[in-house]
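Work through the exercises below with the sequence and the model at hand. Each task is followed by a solution in steps.

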Amino acid sequence: MGKTKIYINGVADSNTYTDNNTYLSHTSSLIGALTDSNYSSNYHFPGYISNFRISSVSRYAANFTPPTSPFTSDSNTSALINSNRFVDTSSSANTITANGTPKIEKFSPFPGAEYGVGSNYGSAYFDGTNDFLTSADVGNFGTGDLTWECWFYPTDSSSTYRACLLYTS
């Protein structure tokens, strides 16, 4: 049985979600969409996602101060997408595939950060229609705690926010 705790701007949501899912091994992970295994459903995130990291530990047990600079990879990092391209910069070097037309934009969650070639200050922009990222590699979580985290900024407040990360079996 899994427990999910959501933090918004470093503050824990008052609810803890509990389910009976097993988050062990999946054939594909999606970033920016909630869809079926044929990628045919239309639940796509409209907005920006940056500083996306999956870790093999629970990184937060209490409220915390959100980062003011991009994440770095450590021995607990399973995936890290925080550069100005769709590349996993963790030691796992998972293959990331862009679907639709997601773009890297000069939109940064870090005040005063300058965007440039080789910098980690851009964001992935998803237009809310058919844009998402996939990885067949970012799905083998093993057993134990894990953390999925990212900065996101929706551009359409009238729609229901869709998944930042989804796994398919």
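Two strands pair if DSSP finds at least two bridges between them; helices (H or I, at least four residues) and strands (E, at least two) are DSSP runs, numbered from the N terminus. This is a predicted model, in which local features need pLDDT of at least 70, side-chain atom pairs count only at pLDDT 80 or more, and totals for chains, interfaces and linings use all residues. Residues are numbered from 1 along each chain as its sequence is written, and side-chain values use heavy atoms, with hydrogens and water left out.

**Exercise 1.** Find the bridge partners in S10 of Ile104 and Pro46.

Solution.
- Strand S9 (residues 103–105) pairs antiparallel with S10 over 3 bridges. Ile104 has Ala124 as its bridge partner in S10.
- S6 and strand S10 (residues 123–127) run antiparallel and are joined by 4 bridges. Pro46 is bridged to Asp127 in S10.

**Exercise 2.** Describe the surroundings of Asn51: is Asn51 buried or exposed?

Solution.
- Asn51 lies in strand S6 (residues 46–55).
- Its relative accessible area is 3%, so Asn51 counts as buried (under 20%; exposed is over 50%, partly exposed in between; 1.4 Å probe, protein chains only).
- The Asn51 side chain reaches the backbone nitrogen of Phe71 at 2.9 Å.

**Exercise 3.** Which elements give two or more residues to the largest nonpolar core?

Solution.
- A nonpolar core is a set of buried Ala, Val, Leu, Ile, Met, Phe, Trp, Tyr and Cys residues joined through side-chain atoms within 4.5 Å.
- The largest has 12 residues, including Ile49, Phe52, Ala124 and Leu133.
- S6, strand S7 (77–81) and S10 each give two or more residues to this core; S6 gives the most, with 3 residues.

Key
Polar contact = N/O pair within 3.5 Å; in protein donor to acceptor, adjacent residues only side chain to side chain.
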